[in-house]
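Please walk through the model shown below, with attention to its aromatic rings, its nonpolar cores and its helices.

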Amino acid sequence: VDMLGYNPILKSLTGGKDRRSGLILTIPLCLEQTNMDELSVTLDYLLSIPSEKCKARGFTVIVDGRKSQWNVVKTVVVMLQNVVPAEVSLVCVVKPDEFWDKKVTHFCFWKEKDRLGFEVILVSANKLTRYIEPCQLTEDFGGSLTYDHMDWLNKRLVFEKFTKESTSLLDELALINNGSDKGNQQEKERSVDLNFLPSVDPETVLQTGHELLSELQQRRFNGSDGGVSWSPMDDELLAQPQVMKLLDSLREQYTRYQEVCRQRSKRTQLEEIQQKVMQVVNWLEGPGSEQLRAQWGIGDSIRASQALQQKHEEIESQHSEWFAVYVELNQQIAALLNAGDEEDLVELKSLQQQLSDVCYRQASQLEFRQNLLQAALEFHGVAQDLSQQLDGLLGMLCVDVAPADGASIQQTLKLLEEKLKSVDVGLQGLREKGQGLLDQISNQASWAYGKDVTIENKENVDHIQGVMEDMQLRKQRCEDMVDVRRLKMLQMVQLFKCEEDAAQAVEWLSELLDALLKTHIRLGDDAQETKVLLEKHRKFVDVAQSTYDYGRQLLQATVVLCQSLRCTSRSSGDTLPRLNRVWKQFTIASEERVHRLEMAIAFHSNTEKILQDCPEEPEAINDEEQFDEIEAVGKSLLDRLTVPVVYPDGTEQYFGSPSDMASTAEHIRDRMKLVNLKRQQLRHPEMVTTES
């Protein structure tokens, strides 16, 4: 229809029928020159529309020559012999009024019936109803048949567009579908490109067909303006059945095409997944594994281990991008597996298993490497702390000990022991960390991808064992130095103790001297008491002697300790002279005390003997000598009480207080008075009788 445009001859099929139910074909002619080729093409097109059944009932052709010339009409009629099929039963030529009368005699159509194959009659428009019912004629011929040519033309355009598109689409879909089936039979070696897409959208064509079918069905059952309306698109013209057939074929092929597209999409998706899986696997087993293989060291310090950790984090960052792709692919594969396509289950599970194995293995290797570096970092951290502790302990041991007293030495010794204990704990922790690290390194071959890591592992193992052995040696040296320092400090404690005890001995001896001078002043009231005092004094002297000897021994020990410590004598330098000075003073005072007590014993013994002797005895004559001796001893004793004790340095010290000495002297004088009285009695007995 698009090619013929709006040719008036297209109005030929109005839908009318003759009395034999044959279709009426109207050929309108105009004053202009009629193009016979165009007419022939148009008639061929129009006569292709009716069905074979309809054509079998024959055609009635109305040639409207009222606006044309006779020779044109005659040419058209003759042309019908070649154009119109043999089923044409009647040709009605509508003539103008009294225009062709003279020319009809020159050509009688009825004489040509046998040659033409159909009957031709000339008839006026108003007499056309003799051959055709008025209801089958349009208004142009005085009939009542309703015919909207523009409506038919539009619908015909839609129909032919649909027919053309659907036919082309069916061919394309069949090619795609058959190509897909053939490809599947040939193990996906397709003879056609399955990426080929239909030239038109199947959904659009189907929608157009459904709308067209709906319109045809509506026009079939509904009249126009309340009357019966017929269209060349009726069932007899194969419009509706053809549309339905095309729609059925389209739906069938489109359903197959959708399945092909689904299979193609699934295959494409599967191929994309497979491609991405191989990308992930190839990267992880290629560059990713190379990165891990290149990172085998553990570093020789905290800084080196931290640098390796930072490098490992960069490697993990690169891997995380591929792991994200793995997660996405795993979700896609899981979705396809849930779809339940059995033909792809094995391949999908194989891809999923391969991807999971590679990713989990690589993730395990990354985690192993991270744990190894973390263990190495902790090992080096413990080693550094232990090294600092050993350095601190060594520095403490290298400083000469110069404590002020024994307490400070004890505090220093306690601190030294605490540091050594801390070193022991640190070394034990280093051994545990090192052994754990060695155990991890021994498992490193499990992810070496066939690479011989014996050399690399040996370097790491040698480094770890070297660090532990070095720390053990340093700790052993420090222990030896601590033992020496401990002995030295204990000797210094002993030295300070000896010096303190020696100084205490001096104090004790000074206290004994002070007690001797201040409290040991009595000489006794008689000989017996004086003897007791003398015995106590000797015991007192023995105590002082023991104190002095103890001090001397302590000072001798300090000399030995100083020689052992290779240090000069400290406080013992003035303690020994002080000890000797006090002891000398004590000795002088003690000797003076002994002399006085001995004189007192002699004085009291003689005095008691004189005072107890009877005067009638003959020995009384010799008492004068005894009296003189007693008097001499008494005076000497009194004189000695007044004389101070003189020390070698020229200092003087008295026994007791002056009152104490006066009391002792008074007692001696009283005894001397008694002796003098006794002496007088012996010289002048009559004086005693007179007095009596």
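In this predicted model, Tyr360 counts as exposed because its relative accessibility of 54% is over the 50% cut-off, whereas Tyr326, with a relative accessible area of 11%, is buried because that value falls under 20%. Tyr326 and Tyr360 nevertheless form an aromatic pair, with 6.3 Å from centre to centre and 75° between the planes, an arrangement that is edge-to-face. The pair links distant parts of the chain, since Tyr326 belongs to helix 9 (residues 302-339) and Tyr360 to helix 10, 34 residues apart.

A stacked pair is formed by Trp583 and Phe586, whose centres are 5.7 Å apart and whose planes differ by 15°. Both residues lie in helix 14, three residues apart, or about one turn of the helix. Trp583 counts as buried at 14% relative accessibility, and Phe586 is also buried, at 0%. Together with Phe540 and Tyr548, Trp583 and Phe586 make up one aromatic cluster.

The largest nonpolar core has 80 residues, and Leu430 and Leu437 are those with the most contacts inside it. Several helices supply at least two residues each to this core, among them helix 10 (342-398), helix 11 (406-442) and helix 12 (454-518), and helix 12 gives the most, with 19 residues. Leaving aside residues up to four places away in sequence, Leu437 touches Ile298, Leu372, Ala375, Ala376, Phe379 and Ile464. A second, separate core of 28 residues includes Val73, Val77, Met79 and Trp152.

Helix 8 (residues 239-294) has 56 residues and should span 82 Å at 1.5 Å a residue, which agrees with the 77 Å between its end C-alpha atoms; this helix bends by about 35° at Gly288.

How values were computed:
Residues numbered from 1 in each chain as written. Predicted model: local features only at pLDDT ≥ 70, side-chain atom pairs only at ≥ 80, totals over all residues. Heavy atoms only, no water. Helix = DSSP H or I, 4+ residues; strand = E, 2+ residues; numbered from the N terminus. Expected span 1.5 Å × (residues − 1). Bend = angle between axes of the 7 residues up to and from the residue. Core = buried A, V, L, I, M, F, W, Y, C linked by side-chain atoms within 4.5 Å. Buried < 20%, exposed > 50% of the residue type's maximum accessible area, 1.4 Å probe, protein only. Contact = heavy atoms within 4.5 Å. Phe/Tyr/Trp six-rings, centres within 6.5 Å; stacked < 30°, edge-to-face > 60°.
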